[in-house]
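Reader: I am in my first year of study and should like a close look at a single part of this model. Would you please describe one strand with its surroundings, and then place that strand in the chain as a whole?

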Amino acid sequence: MPLPTPFDRLRLPVIGSPLFIISGPELVIAQCKAGIIGSFPALNARPSGMLDEWLHRITEELAAHNRDHLDRPAAPFAVNQIVHKSNNRLEEDMEVCAKWQVPMIITSLGAREDVNQAAHKWGAIVMHDVINDRFARKAIEKGADGLIPVAAGAGGHASTLSPFALMAEIREWHKGLIALSGSIACGHSILAAQAMGADFAYVGSPWIATREANAVEGYKDAVVAGRAEDIVYSNLFTGVHGNYLRPSIVAAGLDPDNLPESDPTKMNFGSGGNTEAKAWKDIWGSGQGIGAVKAVESVAERVDRLEAEYNQARAELAAKAGMSLA
């Protein structure tokens, strides 16, 4: 579908997914200046009063960039809200987002009609991440504008469903915005997401290995060194199944091939409990697409690379189509 303003001015059809702990103002500003949607979880701003400071900084720096670069304005940004009941900051954080007129809200771990309505009051688009068609339908019923199918291989909390199956089921009935997530780490995969019917590619793990990311050097290096086989799927760390880097599990003294199951009723995604910190600070989330990440580089360099790969993929596809038609 045609992208609404201001999302129609992107350099690439990419949303930099919100990465817990890792995504901060530096990463988001760099992503937006490079021409893709940058995002961060509201809970990354700690204490809660820091969210206002972050949004002030992001808004001012992007406005200054736009004044100086009329020919290539920055992409808009998004804030991720965890709507799970354990998040006792949600109402306060939404009020701060309203103050700064955040263009896009990304909701996770539950769909809430009141949150969607609040975002719509100031004109924001709401994208909700889902792991299956049933949750997708519930999200739209409760007023979300678009969906983020988190397919197999995505970093963090992910589905076990193939992106082909998930996209086909959702696109059968949903005609609105879709951002596909799952192992997208190169320009060819961005084009593939579009070919499956997505409006955006939802790209996460490659940003970990950037200079602007708030990640320790060991984490960045592990993403560069890692391959798909280094990703372990488990619900031990948060109560929800997700993908994590094998070396970080080993470093924590655990056997990645024999992890116990967690009690899903003890999920905690609120204000940074011990389980949550352990899961994201010490046990490192990552998607299966990291084999495409070859070095730690700046966001600008990574976007340049993705754009070159994307354009190459389009040219190759056009050439193949021409050959078949001939």
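Author: The account below begins with one strand and then widens to the rest of the chain.

This is a predicted model, in which local features need pLDDT of at least 70, side-chain atom pairs count only at pLDDT 80 or more, and totals for chains, interfaces and linings use all residues. Residues are numbered from 1 along each chain as its sequence is written, and side-chain values use heavy atoms, with hydrogens and water left out.

The strand chosen is S8, residues 177-181. Helices (H or I, at least four residues) and strands (E, at least two) are DSSP runs, numbered from the N terminus. Of the 5 residues in S8, 5 are buried, where buried means under 20% relative accessible area, exposed over 50%, and partly exposed in between (1.4 Å probe, protein chains only). In a regular strand the side chains alternate between the two faces of the sheet. In S8, one side carries Leu-177, Ala-179 and Ser-181, the other carries Ile-178 and Leu-180, and both faces are covered.

S8 also has strand neighbours; two strands pair if DSSP finds at least two bridges between them. Strand S6 (residues 146-149) pairs with S8 in the parallel sense over 2 bridges, and Leu-147 stands opposite Ile-178. Strand S9 (residues 200-203) is likewise parallel to S8, over 3 bridges, with Leu-180 opposite Ala-201. Together with helix H7 (residues 187-195), S8 and S9 make a right-handed β-α-β unit. The crossover is called right-handed if, with the strands pointing away from the viewer, the path from the first strand over the helix to the second runs clockwise.

Antiparallel pairing is found elsewhere. There, 3 strands form an open sheet in the order S7-S11-S10. Its edge strands are S7 (156-157) and S10 (231-234), each of which pairs on one side only. S7 is joined to S11 (residues 242-245) by 2 bridges, and His-157 has Gly-242 as its bridge partner in S11.

The whole chain has 11 helices and 11 strands. Its radius of gyration, taken over C-alpha atoms, is 19 Å, close to the 20 Å that the globule rule (2.2 Å times the number of residues to the power 0.38) gives for 326 residues, so the chain is as compact as a globular protein of that length. Buried residues make up 52% of those 326 residues.

In soluble globular proteins, nonpolar side chains tend to be buried together. A nonpolar core is a set of buried Ala, Val, Leu, Ile, Met, Phe, Trp, Tyr and Cys residues joined through side-chain atoms within 4.5 Å. The largest core here has 72 residues, of which Leu-55, Phe-77, Val-79, Ile-105 and Trp-207 touch the most other members. Helix H1 (residues 25-34) supplies the largest share of this core, 6 residues. Apart from it lies another core of 18 residues, among them Phe-7, Ile-37, Ala-75 and Met-104.

A buried residue may also sit in a loop, as Ser-298 does between helix H10 (274-282) and helix H11 (299-325). Its relative accessible area is 11%, and Ser-298 is therefore buried. Leaving aside neighbours within four places in sequence, Ser-298 is in contact (heavy atoms within 4.5 Å) with Thr-210, Arg-211 and Glu-212.
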